[in-house]
Amino acid sequence: MGSSSEDFSVVVLASDLAVDARPFLSHQEEEEENWHDCSQHLFPDEDFSDLELLQFLRLQGCDINGHPILRIVGKYYPATVVSAERLKRYVSNKICSELPEGPFCIVYMHTTVQKEDNSPGLTILRWIYEDLPSDFKDRLQTVYFIHPGLRSRLVIATLGRFFLSGGLYWKIKYINRLQYLWDDIKKGDIEIPEFVKSHDDILENRPLTDYGIEPDPFNLTGMPSTTFSYGRYEERWAGREYIS
C-alpha cells in the first residue's frame, strides 16, 4: 500500500513507561496553598503612621458591583521624601492587612500630579506591583484612572503592554470627568478631594487641556476689553477733523 500525505502513525506506550504526575501535582498544591499567604508581605514592627496621615492610599467604599475600592490620590504622595523601599513595604502591608478577600478595584486620582514631587516613576511602580501576592493581580478588576492627561496616556499606551503584567494594561479605564465615574461608582461612596473637583470644573470649561492643548495660556480672555477706549479716541480725532 503506497504512502500518502494522509498517512498517520500511532505510538502505544506500555503502562510501566508512564510518568507519575503526583510530584508535579503536589508541588502545584503547595503553590496554591501559599497563594493567599501574605505573612511575608506584612511588616507589623514598622511604624507607618506618618504615611497613614497623608491618606494617599485608603480603602474606602465599593463600586456598583460591590467590589471594595482602593483609593489612591497621587498628589498626596511625597515622592521626594519617601523611599521606594519604604513605599513598597507600606503598600504591601496595607493591602495584605486591610483588603478583604475577593475582587476589588482601584480609583487612582492623577489630578495635578507633578512628576518631580508626586510620582515614584513607572519602574518603581512596576517593581512594587510585581512583588505583590500573585492573587492580587487576578482579584483586581478595574483601575479607574481619573484625569489622566496626555503624557500619562502616551506612556501607558507605548510602554504599558510591556511593563504591566497580569493583564493590568487592559484593566485601566480612563475617566476624563468625574461625571463618568458615577456610572461605575455610586456618588458619595468615595471621598473626592476638593482640588480634584475644582480641577474637574476647569476641564469642563476648557476641554482641550485633556489633550495637552492650552487654549489661553496667558489668560488673555480675562483681560479687560479696550474697545471702549479706542472708540473714545476715534470720536476725538473725528471731532478734530470736523473742526478743521
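Mentor: Let's start with a term: a residue is buried when its relative accessible area is under 20%, and exposed when that area is over 50%. In this predicted model, 31% of the 244 residues count as buried.

Trainee: Thanks! What makes Cys 105 count as buried?

Mentor: Its relative accessibility is 1%. The cut-off is under 20%, so Cys 105 is called buried.

Trainee: And why is Cys 96 called buried?

Mentor: By the same kind of reasoning. Cys 96 has a relative accessible area of 17%, and because buried means under 20%, Cys 96 belongs with the buried residues.

Trainee: How do you know that Cys 105 has no disulfide partner?

Mentor: Look at the sulfur atoms. The closest cysteine sulfur to that of Cys 105 is in Cys 62, 8.0 Å away. A disulfide needs the two sulfurs within 2.5 Å, so this pair is too far apart for a bond. A search of the whole structure finds zero disulfides.

Trainee: Let's turn to helix H10. How do you know that its length agrees with what a helix should span?

Mentor: H10 covers residues 194-205, twelve residues in total. At 1.5 Å a residue the expected span is 16 Å, and the end C-alpha atoms lie 17 Å apart, so the two values agree.

Trainee: Which residues of H10 are buried, and what makes us say that they line one face?

Mentor: The buried ones are Val 196, Asp 200 and Leu 203. Viewed down the helix axis, the buried residues of H10 fall within an arc of 60 degrees, so they line one face. The general background helps here: an α-helix has 3.6 residues a turn, so residues three or four places apart point the same way. On the face turned away from the buried side of H10 you will find the exposed residues Glu 194 and Asn 205.

Trainee: What covers the buried residues of H10?

Mentor: The cover includes strand E3 (104-109) and helix H9 (178-181).

Trainee: Asp 184 is in the loop between H9 and H10. Why is Asp 184 called buried?

Mentor: Asp 184 has 14% relative accessibility. With the cut-off at under 20%, Asp 184 therefore counts as buried.

Trainee: What makes the pairing of Asp 184 with Lys 173 a polar contact?

Mentor: Their side chains come to 2.7 Å, and the limit for such N or O pairs is within 3.5 Å, so the contact qualifies. Leaving out residues up to four places away in sequence, Asp 184 also touches Asp 63, Ile 64 and Tyr 144.

How values were computed
Residues are numbered from 1 along each chain as its sequence is written. This is a predicted model: local features need pLDDT of at least 70, side-chain atom pairs count only at pLDDT 80 or more; totals for chains, interfaces and linings use all residues. Side-chain values use heavy atoms; hydrogens and water are left out. Buried means under 20% relative accessible area, exposed over 50%, partly exposed in between (1.4 Å probe, protein chains only). Helices (H or I, at least four residues) and strands (E, at least two) are DSSP runs, numbered from the N terminus. The expected span of a helix is 1.5 Å times one less than its number of residues. The arc is that of the directions from the helix axis to the C-beta atoms. Contact means heavy atoms within 4.5 Å. A polar contact is a pair of N or O atoms within 3.5 Å; within protein, one must be able to donate a hydrogen and the other to accept it, and residues adjacent in sequence count only if both atoms are side-chain atoms.
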